[in-house]
Amino acid sequence: MPRRIHVLPEKLANQIAAGEVVERPASVVKELVENALDAGATRVEVVIRNGGKTEIRVSDDGHGMGKDDALMSMDRHATSKVRSEADLAAIRTLGFRGEALPSIASVSRMVLETAERDGDGTRVVVTGGQMAAVEACARRTGTTLAVRSLFFNVPARAKFLRTTAAESRAVVETVTTLALAHPGVGFVLDANGREALNLPPAAGAAERIAAVWGPETAGELIPVAHREAGVGVTGLVQRPHSSRPGSRRVYLFVNGRSFTDRSVVRAADRAYRTTIPEGVYPSLFLFLDLPDGEVDVNVHPAKAEVRFRDRPAVERAVEEGIRATLAGLESTPSIGTRAPQDGVPSFTYASPRQPPAHVREAPGTWGAGNGRAYAYGNPSTPSVPSSPGGTPGTTLPGEPQMTLFVAGAPEALKDEADAGSSIPPIVSPDLLGSAPVMWQVHSTYILVETRSGLLLVDQHSAHERVLYEELMRDFGSGSRESQRLLFPLTLRLSPAEFSVVEEVRGVLERAGFEVEPFGGRAVIVHSVPNPHPNFDAERCLREMIAELTEGSSLIDGARTQHQRIALTFACKGAIKAGQKLSQREMGELFDRLFATELPYHDIHGRPTVVQLSLTELHRRFGRSA
Amino acid sequence: MRFTITRENLQQGLGAVAGAIPTRTTLPVLANILIEAEGSEVRMSGTDLDTSVSVRVPAEVAEAGAITAPAKKLQEIARELPGSVELSAQGDSISISSGRTRFKLNGLPRDEFPAFPRVDFEESWKLTGPDLQRLISHVSFAASTEETRPILNGVLWQLSSGEMRMVATNGHRLAKMTLPVESSAELTAVDLIVHPRALGQVQRLLGSSAQVEVARSENHIGFQGGGVQVFTRLIEGPYPNYEQVIPKDNDKQLVADKGALTAAIRRMAIVASDQTHRIRIALGGSSLKFSVETPDLGAAAEELPVEYDGDPLEIGFNAQYLLELLRYMPTDEVRLTFKAPERAATIQPVGNEDTPDYLCLVMPLRLLS
């Protein structure tokens, strides 16, 4: 009886392996570019024709190969990157299986040109896995691999290739991802005769992102730099208020290798909770740095997924890192140029001194140049404020006061100026001077002088953040102070509202509202919290009950009943716009705001603070300070 | 119009009215003072449209007439003048001369000045200035300053044939005082709700008058005495039923020294939360134990020996409310009464003839968990 089981011929084995590694032109590009990067290239050029179906050519200026290596590289499991088992646990190169080249060669017509030194080149031609020619050629140091007629001998696979446009898009995405992970390497991608990407070597991820998507996109990002339990998290994430639905970009890298992982993304989203509205997801460019052995990249042939030894630690590091970034002043919008941030730690992937995105704006526009709907008064014409009152006598220019002494500023003023300039700019909560002067405008916004310029605070948004975090903290600690009322409130409710109140009564009580059924559908409220002197408990509770009954974008995103109550309480109970505040009240609001975890973001995904830097003021007034 | 007036009389009149002039107004004439000369006196009036004050001072009137003048400037001028003053008006222009000094001010015609409310003093209650002053100074502080329940922004003033009572509350604490009055006429009992700002003017201008007449119209109340008149708009009721919330069965009572109590609470308040000002009071044995604990800040405790033999009780309060009520207590010793941690506590003066029926109450702060 003939034996049923036999060893596959090598060519067939390679074709089967190709099925896993080489799926479409983009996967060929990925393997070849990774090889180029592993060869120490500083510039990688990719050319595709017909979406890569006709030809893919990847050239690099890496170290190249000699003739023997060039021949050897076509063998399966031949690699320069791993020598022993120990190496496998400490993989720092992108490729390592030794499968890619023979796999690709088995399903295409491949030409390899490589040279270790200028001039001494080797050309290897492989067709459908068969070595067709080996000859000497002249070439600069580096390697060029041309892959033509992909899947010419595997018609079943060729049928599954998509349109030229779709395959080109996939290649662009692949090169972009690799380019993000290697900002120091120049990339050029020519797709069907058109230059799809031209990325000069960059100093960091931010510069690379700006080169790919433009400076506006890069300007919306803030740097993350965090290390916790051996897990380093760096990179850039989007400012909450810049995030919009459906425009998310997520790029994750671990030890320089791109990967996909839903739960890492979820951890990042957890960090953003309450700073952005439901259904809006921020862009993420995260670079994880883990010790060898903490991450296994040898899970998936295309290495799209990785396995973490301690996944919770990784997720925690990501969440904490982003949380820390969102707690900083950098995460707020600013009017024009930001203040230079000397306090920002430098990190590997992102340049700390990214070019400010708004620098090229026309003077006279107040930060609204990127087309977003923030109304900073009248954006296009900073007009002279018209004088109030308007009686003719008051608008006449006064006679100039003659001065007794003309030259020299008073000594006291000079001293003050010197003292001011010698203080280094500090990020919050110490960003205010010792006794900041606060100015309330239109009973809605608070202006405060800071060491690096000016902050504008939305009093309602700021108080929302304060109330939300304070109530969540009180839920955690289990108790909350509540003022008993001399005249209890009676609320008559609709049937739906009444059943909602019945359901959440316990949580409401822990929030400070002592509510009791009062016959029929009425409830009586015996005690209420007292978050500020102008708190209207009845209106707040009514609006809370209505929101809890009808639902809203704010509370529908909450995960627990406690969060729902805290969000709606913060929203309805916070100081309203239009409420006059005393200096003391403004000071207290500030102190409490900066005692929260995320002082720069309210609970709806709006900023609480907008900054106007001294740098920007100097620029607008034409001072070269 | 032309009259001569001593500097003192001018200053006195302007000073009395100035309190009624709004500091900021959209109606320019409200920044002015109305001056009317007739007979042997000059009447000066000011208003912010809610409360109006007018005062009569003696003067030698040469020519009767009226004009309005900018209040602030006129007051500043009066303060700097060397001696008696001659004031005259020609059209909208006011001339002020004193000694060798001459001023000219631009005024506005009297027609632009709002008319004062008409209140008929024929039917009036008559009381003494000091009584009125005592009521106002002990009660009106307790009115609410929030705009959420406008009715609580006012002070309830109940007048009946034998007594009068003032009550004010912000829904968290309440002050109530009753005084006997000798009613002159057979007047029906009435509940008036008056803004504390107006009562402040009354207290300032009429607090020492031997007799103050009080009368009302449909929407206004008027006070007059010693050449001064104060009118104010009444707040529309009804006022909440305060009597129902005054505890009658507070069985835990003690008497304490006001100064010692105040000092202890002030010390506790230092580490109380800025937001709720919550401190705890524990009764039991023969002491009053105060304590405070604020997360992220710290804690404090103090013990005050008192005579107390009732059941133990622990109760929380807003320290600011307690301090405020104690400040208005007219006696050195005060009586505190309690019932339960969620029920109102009361504070009353001990051994005072002037304020026999004065009671403050404060609702506790509860710790809900």
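Okay, let's start with the polar side of things: across the interface of chain B and chain A, there are eight residue pairs in polar contact, with both residues at pLDDT 80 or more. And yes, that cut-off is there because this is a predicted model.

So which elements of chain B are doing the touching? Two of them give two or more residues to the side facing chain A: strand 13, residues 173-180, and strand 26, residues 365-368. Strand 26 gives the most, with four residues. As for chemistry, that side of chain B splits into eleven nonpolar, nine polar and eight charged residues.

Stay with strand 26 of chain B for a second. What does it pair with over on chain A? That would be strand 20, residues 480-492, and the two run antiparallel over four bridges. One spot to click on is B:Arg366, which is the bridge partner of A:Ser482.

B:Arg366 comes up again when we look at charges. There's one salt bridge between chain B and chain A. A:Glu514 makes a salt bridge with B:Arg366, and the closest N and O atoms are 2.8 Å apart.

Now the overall numbers. Chain B puts 28 residues into the contact, and chain A puts in 26. The area buried between the two chains is about 2400 Å², with 55% of that from carbon and sulfur atoms. And there's our arginine once more: B:Gln275, B:Arg366 and B:Leu368 supply 28% of the area that chain B buries against chain A, more than any other three residues.

So if you've got the structure open, B:Arg366 is where I'd point the cursor: strand bridge to A:Ser482, salt bridge to A:Glu514.

Key
Residues numbered from 1 in each chain as written. Chains lettered and ligands numbered in written order. Predicted model: local features only at pLDDT ≥ 70, side-chain atom pairs only at ≥ 80, totals over all residues. Heavy atoms only, no water. Contact = heavy atoms within 4.5 Å. Buried area = accessible area lost by both parts, 1.4 Å probe. Salt bridge = Lys/Arg side-chain N within 4 Å of Asp/Glu carboxyl O. Polar contact = N/O pair within 3.5 Å; in protein donor to acceptor, adjacent residues only side chain to side chain. Nonpolar A, V, L, I, M, F, W, Y, C, P; charged D, E, K, R; others polar. Pairing = 2+ DSSP bridges.
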